[in-house]
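Let's take a walk through this fold, one stop after another. Keep the structure open beside you as you read.

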Amino acid sequence: ATHGGGDTARAALVIREPQPGEWESIDLGLLDSAYSATATAIADDGTIVGFLGYLGSCSCWRGFIYKDGAMRQLASRGGSDLPQVIGPSGKIADNASVWDTPDALPRQLPLEPNEMASVVGVNQRGDVLFTATTRVPGCDASPATCTDRSRAVLWRDDIPLDLGSLGDSTVDPWAEAEA
């Protein structure tokens, strides 16, 4: 830098890594007529996914993605979308669907009839790990005596792989995916 009298000077700009406990708050905002937003997951690159609540004609939830300072709605087939995870591959999942990209329509998780899913995560390859749970018939009448049947599933290359159980098959084998 130079000063009007011909003086010169040097300055060094030091940009340091944030220290533990330091953070910056970012208002993600809302889209269109949304009345609420919930962020549910963040990827290593800072991409955030979550869902927006809408009133009016749909009274539903729609998924969103926030990336590079901009929020936009995920593609939807209708109903409600509640994105829960985003993997390093960019694949997004909720407890019923998977978005291969934010612009692609979501695909249904491969579930058996009467199963519900609980998604755990998506890895770099785009594999989706989830627990599929079936409620035993008649459980609604007496929930205290019911045992749900669960299985851990890895959805790889569009093929659902049942991860099996370490339980004794004569008792009531089940498995849950947790991490």
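**Two hairpins and some stops beyond**

Start with a turn: strands S2 and S3 make a hairpin with six residues between them, and in that turn Gly-56 has a positive phi of about 100°. Bear in mind as you look around that this is a predicted model.

Now follow the two arms of that hairpin. S2 covers residues 48-54, and its pairing with S3 is antiparallel, over six bridges. If you want one spot to get your bearings, find Val-49, which sits opposite Ile-65 of S3.

S3 has a partner in S4 as well. The S4 strand takes in residues 70-73 and runs antiparallel to S3, with four bridges joining the two. One pair to look for here is Phe-64 with its bridge partner Gln-73 in S4.

So how enclosed is S3 by the rest of the structure? Largely, because five of its seven residues, in the stretch 61-67, are buried. "Buried" here is a matter of having under 20% relative accessible area.

Move on to the turn between S3 and S4. This hairpin leaves two residues between its strands, and Asp-68 has a positive phi near 50° there. Why give that angle a second look? Most residues other than glycine have a negative phi. Asp-68 is not a glycine, yet its phi is positive, at about 50°. Asp-68 belongs to the loop between S3 and S4, and its relative accessibility of 75% makes it count as exposed.

Further along the chain there's another aspartate to check. Asp-157 also isn't a glycine, and its phi is positive, near 50°. You'll find Asp-157 in the loop that links strand S11 (149-156) and strand S12 (159-162). Is Asp-157 buried or exposed? With a relative accessible area of 60%, Asp-157 is exposed, since the cut-off for that label is over 50%.

While you're there, step into S12, where Ile-159 lies. Ile-159 joins Leu-161 and Leu-163 in making a nonpolar surface patch of about 260 Å². On its own, Ile-159 has a relative accessible area of 49%, so it is classed as partly exposed.

Next, head back towards the start of the chain for Leu-30. This residue is in the segment before strand S1 (34-42). Leu-30 is partly exposed, at 45% relative accessible area. Which residues does Leu-30 touch, once those up to four places away in sequence are set aside? They are Tyr-35, Ser-36, Ala-37, Leu-52 and Met-71. Leu-52 is worth picking out: it is 22 residues from Leu-30 along the chain, and the two C-alpha atoms are 7.5 Å apart. Leu-52 also takes you back to S2, which spans residues 48-54.

The last stop is Thr-131, in strand S10 (residues 128-134). Thr-131 has a relative accessible area of 5%, so it is buried. What does its side chain reach at 2.7 Å? It's the backbone nitrogen of Ala-177. Ala-177 is also among the contacts of Thr-131 when neighbours within four places in sequence are left aside, along with Glu-176 and Ala-175. The rest of that list brings in Met-116, Ala-117 and Ser-118, plus Ser-150 and Arg-151. Those last two bring you back to S11, the strand at 149-156.

Terms used: Residues are numbered from 1 along each chain as its sequence is written. This is a predicted model: local features need pLDDT of at least 70, side-chain atom pairs count only at pLDDT 80 or more; totals for chains, interfaces and linings use all residues. Side-chain values use heavy atoms; hydrogens and water are left out. Buried means under 20% relative accessible area, exposed over 50%, partly exposed in between (1.4 Å probe, protein chains only). Two strands pair if DSSP finds at least two bridges between them. A polar contact is a pair of N or O atoms within 3.5 Å; within protein, one must be able to donate a hydrogen and the other to accept it, and residues adjacent in sequence count only if both atoms are side-chain atoms. Contact means heavy atoms within 4.5 Å. Patches are made of residues with over 30% relative accessible area and no salt bridge: like charges are joined within 9 Å, nonpolar side chains (Val, Leu, Ile, Met, Phe, Trp, Tyr) within 5 Å. Accessible areas come from the Shrake-Rupley method with a 1.4 Å probe; for residues, only the protein chains shown count as cover. A salt bridge is a side-chain nitrogen of Lys or Arg within 4 Å of a carboxyl oxygen of Asp or Glu.
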